[in-house]
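Hi,

Here is the structure I promised to pass on. Have a look at it first, and then read my notes below.

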Amino acid sequence: MIITSETVKSAISKALSINYPGIKIYKNKVNQGMQRPCFFIAQIETECTKEAKDRRKINYLVNIRYHKDNATRTELDEIGFNLLDILESLEDKEPIAYAKNSRYEIVDDVLQFFTTYSISMIREKAPGIKMNDLNVNGGLK
């Protein structure tokens, strides 16, 4: 299974919809008429680090914002704390990613939740010419 940023955002959306039914979730740019309360999922950054010849680690930095008119600080804190637990791991029939460095803050009455999902992947080998057997005949002089 190839895990892309869209896979990560969809898994986050699924977890949020299970735990917060009835709250609108946006994964992409909202053109007009954002309904509140709502969650907005945005991928901020993707980083790829080579670990071995065909193994790499991809880190997806994600921001989940929660918007609600007249939300209290206590309510936003409660949701932020719940997101630490809800978004600890992402699943799509099986676990696909685990969160690291999760944190939240409240800025201008909007909850801002940040987390990084780290995924190890093995690059599939491209089809190509394979080496044949090599016979070596030799000896010592």
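**Strands, core and rings**

Let's start with β2 and β3: they run antiparallel and are joined by 12 bridges. (Strands are DSSP runs of E with at least two residues, helices are runs of H or I with at least four, and both are numbered from the N terminus; two strands pair if DSSP finds at least two bridges between them.) One of the bridges puts E47 opposite N59 in β3, and a hairpin of four residues takes the chain from β2 to β3. β2 also pairs with β1, this time in the parallel sense and over three bridges. There, K24 has C38 in β2 as its bridge partner.

Before going on, a word on what you're looking at: this is a predicted model, where local features need pLDDT of at least 70 and side-chain atom pairs count only at pLDDT 80 or more, while totals for chains, interfaces and linings use all residues. Residues are numbered from 1 along each chain as its sequence is written, and side-chain values use heavy atoms, with hydrogens and water left out.

Next, the inside. The largest nonpolar core has 31 residues, and V8, I12, L16, F39, I64, L83 and L87 have the most contacts inside it. (Such a core is a set of buried Ala, Val, Leu, Ile, Met, Phe, Trp, Tyr and Cys residues joined through side-chain atoms within 4.5 Å; buried means under 20% relative accessible area, exposed over 50%, and partly exposed in between, with a 1.4 Å probe and protein chains only.) The elements giving two or more residues to this core are α1 (5-19), β2 (38-50), β3 (55-67), α2 (73-86), β5 (95-107) and β6 (110-122). Leaving out residues up to four places away in sequence, I12 touches I41, V62, I64, L87, L90 and Y117, where a contact means heavy atoms within 4.5 Å.

Now the rings: how many aromatic pairs does a search of the whole structure find? It finds two. (Rings of Phe, Tyr and Trp, the last by its six-membered ring, pair if their centres lie within 6.5 Å; planes under 30 degrees apart are stacked, over 60 edge-to-face, and the rest tilted.) The rings of Y20 and F39 have centres 5.3 Å apart and planes at 55°, so this pair is tilted. Y20 sits in the loop between α1 and β1 (24-26), and F39 in strand β2, 19 residues apart. F39 and Y66 are tilted too, with centres 5.0 Å apart and planes at 45°. Together, Y20, F39 and Y66 form one aromatic cluster.

Cheers
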